[in-house]
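Here are my notes on the model you sent. They are numbered so that you can reply point by point.

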Amino acid sequence: MQKAIPIQVLLIAVIVLFNLISMILPVQASRVVHFYDGDNMIVIQGGIKTKVSLACIDAPELKQAFGQRARKSLKAMVGNSDFSLRVLNKDRFGRLVAEVFARDRNVNKTLVEQGLAHFQSSYKNGCEGYGEAEHQAQMRHLGMWLDGTDIELPNQFRKTNY
């Protein structure tokens, strides 16, 4: 004789499934209201201000070389265009961790390709191709890799300056 599955277990399974699906599907965002730096912004999403941290990357801080340029590049790619978010997670600060897509391009990966962001290898899932994009930027001496690969990465800069 089979036992019936308790309704609470089914409800929990449905909630978990819904959360997983919502993280996979792109989320349309209506507009950006503030660019903190090259990898953090605030968007208006469904009438609600939402903080977004760009997944897979770490851009230079504004006080670092190429920090201002990274923010300008992000703003140029996303600022006045339609874009969508592919949410991968939420971080410890409650921000959405997402890939941003605008004008048929992955904005996060484009910043890495331009040498304006570092591939954050702590992200494993959903960040395919970022390591190769960073390697190509290093080989071409683009952006933060202008003088080679012996640089102070953004996370190192934050540890010593904040």
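1. Is Asn106 buried or exposed? This is a predicted model, and in it Asn106 has a relative accessible area of 15%. The cut-off for buried is under 20%, so Asn106 counts as buried.

2. Next, the surroundings of that side chain. Asn106 and Tyr130 are joined through their side chains by a polar contact of 3.2 Å. Tyr130 also appears in the contact list of Asn106, together with Glu99, Val100 and Phe101. That list leaves aside neighbours within four places in sequence.

3. Where does Asn106 sit in the secondary structure? It belongs to strand S8, which spans residues 105-106. S8 pairs with S7 in the antiparallel sense, over two bridges. Within this pairing, Arg105 of S8 stands opposite Ala102.

4. The link from S7 to S8 deserves a look. These two strands form a hairpin, and two residues lie between them. Arg103 is in the turn and has a positive phi of about 50°.

5. Now S7 itself, residues 96-102. Of its seven residues, six are buried, so the strand is largely enclosed by the rest of the structure. Glu99, Val100 and Phe101, contacts of Asn106, fall in the range of this strand.

6. S7 also pairs with S6, residues 83-90. The sense is antiparallel and the pairing runs over seven bridges. Asn89 stands opposite Val97 of S7. S6 and S7 form a hairpin too, with five residues between them. In that turn, Gly94 has a positive phi of about 85°.

7. What is the sense of the pairing between S4 and S7? It is parallel, over three bridges, with S4 covering residues 48-54. Val52 has Leu96 of S7 as its bridge partner.

8. A general reminder for reading these strands: side chains in a regular strand alternate between the two faces of the sheet.

9. Finally, the whole protein. It has five helices and nine strands. From the N terminus, the order of elements is α-β-β-β-β-β-α-β-β-β-α-β-α-α. Of the 162 residues, 41% are buried. Among contacts with a separation of 6 or more, 56% are between residues 24 or more positions apart. The accessible surface is about 10,000 Å², and carbon and sulfur atoms account for 56% of that surface.

Definitions and conventions
Residues numbered from 1 in each chain as written. Predicted model: local features only at pLDDT ≥ 70, side-chain atom pairs only at ≥ 80, totals over all residues. Heavy atoms only, no water. Helix = DSSP H or I, 4+ residues; strand = E, 2+ residues; numbered from the N terminus. Buried < 20%, exposed > 50% of the residue type's maximum accessible area, 1.4 Å probe, protein only. Polar contact = N/O pair within 3.5 Å; in protein donor to acceptor, adjacent residues only side chain to side chain. Contact = heavy atoms within 4.5 Å. Areas by Shrake-Rupley, 256 points an atom, 1.4 Å probe, with all protein chains shown as cover. Pairing = 2+ DSSP bridges.
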